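Hi,

Here is the structure I promised to pass on. Have a look at it first, and then read on for what turned up.

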Amino acid sequence: MLLPGSSDLASVPFESAPINVHFVADRKSNGDSVYRDLGGAQKDYVLTAYHGTPAVMIVLSQLSSQRPFVDSALVRRDGLEPIWEIQHSGSTRTRYDYDGASVRRAVTAPDSSVAQSTATYPFRVFNFNELDELVRSVPLRAGYRAIVPLYSEGDNALETDTIQVEGTDSTGVWNVRFADKVIIGHYGIDGATRKIVRFDVNRHADKAHFRYIFGSDSARAG
């Protein structure tokens, strides 16, 4: 099992410029081809420190949807151990404080009191919204496989999912497979820069297929 703070995780040179991406569906559940834009997002990395140690703030913004969403997560630079996370979804604000295997959640919504809860799991957890960063940081060697404990913000539950490095192609891009109970994702990770250069998703239940469109291609898709 790969846990937060593991020395297996590389120190990735995160981008200083925003990353823009669109998520598109290109195959229906019955296998028919389709092109449907499911919305765009922007990701920013802010290098900082927490109690004197290197940290990075990961900010994911989806502002063009009917329900704007912003997720800001502070994680330790080495080992990607989550510290805290704040989500704004519409008018609802949720804060998560991570302490090893425990997660404290506080939900603030208009016209209601703060709803607080704490859950403790069998393992120290990553937060699910740092999955891209986790995949970018695993050892890039063919055959590497790990189980990762991911805290799912959506349902306040623990997932134990798999990451597997399948190999590299002639251009130096590594194929890294992620799987949970719902989807199988294939990342293309540039071996020199650790950037995500492609990402596509299949659902276990049917023939649906989705993919990321990055950068200038993303702008044209929007």
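Histidine 186 sits in strand S13, which covers residues 183–190. Bear in mind that this is a predicted model. The histidine 186 side chain has a polar contact, at 3.3 Å, with the side chain of asparagine 175. Leaving out residues up to four places away in sequence, histidine 186 touches Asn175 along with Val176 and Arg177, then Arg198, Phe199 and Asp200, and also Glu166.

Three of those names bring us to strand S14, residues 196–203. S14 pairs with S15 in the antiparallel sense, over three bridges, and a hairpin of five residues joins S14 to S15. S15 itself runs over residues 209–214, and it also pairs with strand S1 (residues 19–27), again antiparallel, this time over six bridges.

Which residues does phenylalanine 210 in S15 face across those pairings? On the S14 side, valine 201 stands opposite phenylalanine 210. For S1, phenylalanine 210 is the bridge partner of alanine 25.

I also looked for internal space. There is one cavity of 30 Å³ or more, and the largest cavity holds about 40 Å³. Its lining is made up of Pro4, Glu81, Pro82, Tyr98, Gly100, Arg124 and Val125. Sorted by class, that lining has four nonpolar residues, two charged ones and one polar.

If you open the model, I'd start at histidine 186 and its contact with asparagine 175, then go over to phenylalanine 210 and its partner alanine 25.

Cheers

Technical notes: Residues are numbered from 1 along each chain as its sequence is written. This is a predicted model: local features need pLDDT of at least 70, side-chain atom pairs count only at pLDDT 80 or more; totals for chains, interfaces and linings use all residues. Side-chain values use heavy atoms; hydrogens and water are left out. Two strands pair if DSSP finds at least two bridges between them. Helices (H or I, at least four residues) and strands (E, at least two) are DSSP runs, numbered from the N terminus. On a 1 Å grid over the protein atoms alone, a cavity is a set of points where a 1.4 Å probe fits but cannot get out, and a pocket is an open set with protein on both sides within 12 Å along at least five of seven lines; lining residues have an atom within 4 Å of a point. Grid points are joined across faces, edges and corners, and a volume is the space filled by probe spheres set on the points. Ala, Val, Leu, Ile, Met, Phe, Trp, Tyr, Cys and Pro count as nonpolar, Asp, Glu, Lys and Arg as charged, and the others, Gly among them, as polar. A polar contact is a pair of N or O atoms within 3.5 Å; within protein, one must be able to donate a hydrogen and the other to accept it, and residues adjacent in sequence count only if both atoms are side-chain atoms. Contact means heavy atoms within 4.5 Å.
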